[in-house]
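User: I'm new to this one and would like a close look at a single part. Could you walk me through the biggest pocket and what sits around it?

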Amino acid sequence: MTKHDHHLKLTIPFSTSRQAQIAYNAISPDPQLKPDQFTQVLSVSDASGAIDELNAGRILVAEFDAASDRVLRVGVNGFLESLGVVVGCLRDLDYDAS
């Protein structure tokens, strides 16, 4: 993924793997406006040491690569706004794994 000088990796824990997958599915379809200047790669991974099915895959991982610090800041801010909306909906709907 590294093709620019500015990088950031965020790991966002969720209570359940279902919540992490919902966040991934909600945010992934957003197209990148300038893919030559900014890329975003999302994935869902296991919590470290996950020993049960409920905790497996409950971490949303977001990796960013940008041509400049300004482009990185703008792109990450957009991602965090989208993530905030998703987390707010999960909270407001009291959504859990059931």
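User: By class, how many nonpolar, polar and charged residues are there in the lining of the largest pocket?

Analyst: Keep in mind that this is a predicted model. By class, the lining of the largest pocket splits into 7 nonpolar, 6 polar and 3 charged residues. The pocket itself has a volume of about 390 Å³, and of the 16 residues that line it, Gln 32, Leu 33, Phe 38, Val 74 and Gly 75 are the closest to its centre.

Who supplies that lining? Helix H2 gives the most, with 7 residues. Strand E2 is also on the list: E2 and H2 each supply at least two lining residues.

Now for the surroundings. H2 covers residues 69–92 and lies across E1, E2 and E3, running at about 15° to E1. Those 3 strands form an open sheet in the order E1-E3-E2, with antiparallel pairing. Strand E1 (6–13) and strand E2 (38–45) are the edge strands, so to speak the two rims, each pairing on one side only. From one strand to the next, the twist averages 15°.

Strand E3 (residues 59–66) is joined to E1 by 8 bridges, and the two run antiparallel. One pair to look up is His 6 and its bridge partner in E3, Ala 66.

There's another helix to place as well: H1 (residues 17–27) lies across E2 and E3, running at about 155° to E2. Back at the pocket, then, E2 is both an edge strand of the sheet and a supplier of at least two lining residues.

Conventions: Residues are numbered from 1 along each chain as its sequence is written. This is a predicted model: local features need pLDDT of at least 70, side-chain atom pairs count only at pLDDT 80 or more; totals for chains, interfaces and linings use all residues. Side-chain values use heavy atoms; hydrogens and water are left out. Two strands pair if DSSP finds at least two bridges between them. Helices (H or I, at least four residues) and strands (E, at least two) are DSSP runs, numbered from the N terminus. Axes are lines fitted to C-alpha atoms, for helices over the stretch in contact, and angles run from 0 to 180 degrees between N-to-C directions. Contact means heavy atoms within 4.5 Å. On a 1 Å grid over the protein atoms alone, a cavity is a set of points where a 1.4 Å probe fits but cannot get out, and a pocket is an open set with protein on both sides within 12 Å along at least five of seven lines; lining residues have an atom within 4 Å of a point. Grid points are joined across faces, edges and corners, and a volume is the space filled by probe spheres set on the points. Ala, Val, Leu, Ile, Met, Phe, Trp, Tyr, Cys and Pro count as nonpolar, Asp, Glu, Lys and Arg as charged, and the others, Gly among them, as polar.
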